[in-house]
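Visitor: Please choose one part of this model and examine it closely. I should like the side-chain pairings and the surface treated together, and then set against the chain as a whole.

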Amino acid sequence: MAQRKELEPTIKRLQLAGIRVSLFIDPTLEQVDAATELGVEMVELHTGKLANAFTEKIQRKEGTTASGALAASESHLQVNAGHGINYKNIALIHEVPGLTELNIGHSIISRAMWVGLETAVKEMLAAMKNYPG
């Protein structure tokens, strides 16, 4: 992580103030290791590549999100994910283990423009229903 020296004092200051710290990282083992070494409590894995994996060939090739999530979970980090997840590709998230939280508000609000917020939320919850965790 290129900004390690710059991040470390800020992370410590936030933690001393009682604030849990999360880093938005690529789901690579190097990034997970750096987050662990910095002592943060959680990470949000960037799911852009996974979200764009619309073909089975690309999806199989894009296994880093799942391995990054597993590594972060094994490092006792809370694992969240987000970026580019929508109603069509949410099924790909079912292949990523150990997620606590998804940041998918943009997709839900965009859908709500057409069907209303209550329906948009119900549809996303239904798409997420069988997530194995």
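**The pairing of helices α6 and α7**

Guide: A salt bridge joins Arg111 to Glu123, and their closest N and O atoms are 2.7 Å apart. This pair connects distant parts of the chain, since Arg111 belongs to helix α6 and Glu123 to helix α7, twelve residues apart. The coordinates discussed here are those of a predicted model. Neither partner falls in the buried class: Arg111 has a relative accessible area of 30% and is therefore partly exposed, and Glu123, at 27%, is likewise partly exposed.

Helix α6 covers residues 105–115 and includes Ser107. This serine is buried, because its relative accessible area of 11% is under the 20% limit. If neighbours within four places in sequence are set aside, the contacts of Ser107 are Ile85, Asn86, Tyr87 and Met124. Helix α6 thus offers two settings, because Ser107 is buried at 11% while Arg111 is partly exposed at 30%.

Helix α7 runs from residue 117 to residue 128. A second salt bridge is found there, between the side chains of Lys122 and Glu118, with an N to O distance of 3.1 Å. Both of these residues lie in helix α7, four residues apart, which is about one turn of the helix. Lys122 and Glu118 are both exposed, whereas Glu123 is partly exposed at 27%.

Helix α7 also has a nonpolar side to its surface. Ile109, Leu117, Val121 and Leu125 make up a nonpolar surface patch whose accessible area comes to about 360 Å² together. The main contributor to this patch is helix α7, which supplies three residues. Val121, which sits in helix α7, is partly exposed because its relative accessibility is 32%. That value also explains how Val121 qualifies for the patch, because membership requires over 30% relative accessible area.

The remaining salt bridge lies elsewhere. The structure holds three salt bridges, and one of them brings together the side chains of Glu37 and Arg4, at 2.5 Å from N to O. Glu37 is part of helix α2 (residues 29–38) and Arg4 part of helix α1 (residues 4–16), so this pair ties together parts of the chain that are 33 residues apart in sequence. The two partners differ in class: Glu37 is exposed, because its relative accessible area is 56%, while Arg4, at 28% relative accessibility, is partly exposed.

Two histidines deserve separate mention for their backbone geometry. His76 is not a glycine, yet its phi is positive, at about 65°. His76 is placed in the loop between α5 (64–74) and β3 (78–82), and it counts as exposed because its relative accessibility is 72%. His83 also has a positive phi although it is a residue other than glycine, with a value near 120°. The loop that holds His83 is the one between β3 and β4 (101–103). His83 is partly exposed, because its relative accessibility is 45%.

These details can now be placed in the chain as a whole. The secondary structure of the protein chain consists of seven helices and four strands. Starting at the N terminus, the order of elements is α-β-α-β-α-α-α-β-β-α-α, and the C-alpha trace extends over about 45 × 35 × 25 Å along its principal axes. Of the 133 residues in the chain, 34% are buried, Ser107 being one of the buried residues. When contacts between residues at least 6 apart in sequence are considered, 55% of them join residues at least 24 apart. The exposed surface of the chain is about 8,100 Å², and carbon and sulfur atoms supply 57% of it. Charged side chains number 13 positive and 15 negative, with the centres of the two sets lying 4 Å apart.

To return to the part chosen at the outset, helices α6 and α7 are linked by the pair Arg111 and Glu123. Helix α7 further contains both Lys122 and Glu118, and it gives the most to the nonpolar patch.

Definitions and conventions: Residues numbered from 1 in each chain as written. Predicted model: local features only at pLDDT ≥ 70, side-chain atom pairs only at ≥ 80, totals over all residues. Heavy atoms only, no water. Patch = residues over 30% accessible without salt bridge, like charges linked within 9 Å, V, L, I, M, F, W, Y side chains within 5 Å. Areas by Shrake-Rupley, 256 points an atom, 1.4 Å probe, with all protein chains shown as cover. Salt bridge = Lys/Arg side-chain N within 4 Å of Asp/Glu carboxyl O. Helix = DSSP H or I, 4+ residues; strand = E, 2+ residues; numbered from the N terminus. Buried < 20%, exposed > 50% of the residue type's maximum accessible area, 1.4 Å probe, protein only. Contact = heavy atoms within 4.5 Å. Lys, Arg positive; Asp, Glu negative; His and termini not counted. Charge placed at Lys NZ, Arg CZ, Asp CG, Glu CD.
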